[in-house]
Amino acid sequence: MKIAIIGGGAAGTMAAAAAHETDPQAEIIILEKNDGLGKKVIISGGGRCNLTTGIKDIKTVLTKYPRGGKFLTKAMHRFSPESVWAWFESHGVPLKVEKDLRVFPVSNDGKDVVGVFGKIFRDPKINVRFKVQVMGIKKEPDGFEILVKEGKPFSVDKVILTTGGQAYRQTGSTGDGYAFAQSLGHSLTPLAPSLSALFTREKWVADLAGVSIERAGLACRPERSGAELKDLSKKGPSASSERHSVVGPFIFTHKGISGPAVFALSSLIAFEPISSDDPLPVSIDFFPDRKLPEVLESVWFHLDKYPKKSLTNVIGALLPKSLAFRVCLSAGLDPESPASACNKKGAERLAQIMKGFMLHTISRSPGEEFVTAGGVDLKEVDPSTMESKICPGLYLAGEILDIDGFTGGFNLQSAWATGRLAGESAVSIH
Ligand SMILES: Cc1cc2nc3c(=O)[nH]c(=O)nc-3n(C[C@H](O)[C@H](O)[C@H](O)COP(=O)(O)OP(=O)(O)OC[C@H]3O[C@@H](n4cnc5c(N)ncnc54)[C@H](O)[C@@H]3O)c2cc1C
């Protein structure tokens, strides 16, 4: 059995390792256009590689995928986060789980994760061809012909397509596989950037750049007319009037907002059109665990306790000071005025703004998204084998599929799990 794996990223390397572990006699060819394996994996998690999650309950893990969670059920049971942990440790990479349940190599070096595969691929049955760009895949009566830019076409029995999405294109993931899948009869769902920072219409956010909030609630509800909604429904799965909300840490940047909660929100609104002409309002709750009357009480308490201090300083006891300044302005109050000058209405406005601070997002941080939402339609792939239902002998795994998760190790987890299942199935099904 001769198998070509197109793309030596997370899913491709795991598919190759799984195929080899399942059938050591299988002949495996990995075609990778870069000069090394897993370029994106190495830079993931800020170079530390957040390779999976510490969440053990698979049902909970599956809720971390805005798209593809249900499809992933079988792959995830077969190669769960706990199995991923055990597999990497058994291959010589000790792991650790951090407070927020992200899992990293103890070395904090993504190269160690990819290094595992380099060792496995020393086996003569695995042929890794670097700097080889696949240009096309043709179905033949009893296999496939692979067309490459750097040499002659060649034939294989089966193909595992793991070319990734089209985010961070400089890592080699330029979306080539979408066209290959289409040429073999597959359809694509709409594609959109996901897991990105958001830029805001409010330019003054630059004054707050670097200010971070450990736990905030971010929410948005696209307010659109019936006709617009009808039009949006054609554009993508999450374009809707549904309220999206997340709770978590975020940070102000020079142009907007970023951080885990913003990434999660960007994932939920991946298919919402956002522009300067049509901004998407986002409301920020700085006290997601306290109700409005409690926040108001707290504001009153501080105003009453420090009547001579400026409003900024008083509110600065509840929020970072530069943000407190902005909250006072948004409440229509002079930040430098004494606390004693703030009446009941003013205090109510302050509390309301702390529970619903409005920003208007005008774009995603272009080209800096972490993943591509959308991809090969999951209806056309068998979730228990990853084999194409359209083109037998073709297997698909990783980000090329219409699967994407939140930050926290979920995207690599799905690439390992689907890659593993594709590799095992490709050598087991004859
Ligand atoms: C900056 C950044 C940080 C991230 N951090 C994390 C994180 O910490 N945790 C997490 O879970 N996820 C993270 N992700 C997401 C995660 O890295 C991806 O979802 C995952 O790598 C997808 O795996 P894949 O195998 O499907 O594709 P990729 O890893 O992108 O691999 C695809 C491979 O195919 C090759 N290829 C493409 N076309 C061709 C062709 N025509 N011929 C030959 N080869 C080709 C590419 O060169 C590439 O090596 C991050 C992403 C980015 C961009």
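In this predicted model, strand β7, spanning residues 134-140, pairs with strand β8, spanning residues 143-148, in the antiparallel sense over six bridges. Within this pairing, V134 has V148 of β8 as its bridge partner. The connection from β7 to β8 is a hairpin of two residues.

Strand β8 also pairs with strand β9, which covers residues 154-156. These two strands run antiparallel and are joined by three bridges. Here I146 stands opposite F154 of β9. The link from β8 to β9 is likewise a hairpin, in this case through five residues.

A further set of strands forms an open sheet of three strands, arranged in the order β3-β5-β4 with antiparallel pairing. The edges of this sheet are occupied by β3 (52-53) and β4 (95-97); each has a single partner strand, so one side of each is left without a neighbour in the sheet. Strand β5, formed by residues 102-105, pairs with β3 in the antiparallel sense over two bridges. In this pairing, T52 has V103 of β5 as its bridge partner.

The strand pairings for which bridge counts are given above are set out below.

| Strand pair | Sense | Bridges |
|---|---|---|
| β7 and β8 | antiparallel | six bridges |
| β8 and β9 | antiparallel | three bridges |
| β3 and β5 | antiparallel | two bridges |

Taken by strand, β8 has pairings with β7 and with β9, and a hairpin leads into β8 from β7, while another joins β8 to β9. In the open sheet, β5 stands between β3 and β4 in the strand order.

Terms used: Residues are numbered from 1 along each chain as its sequence is written. This is a predicted model: local features need pLDDT of at least 70, side-chain atom pairs count only at pLDDT 80 or more; totals for chains, interfaces and linings use all residues. Two strands pair if DSSP finds at least two bridges between them. Helices (H or I, at least four residues) and strands (E, at least two) are DSSP runs, numbered from the N terminus.
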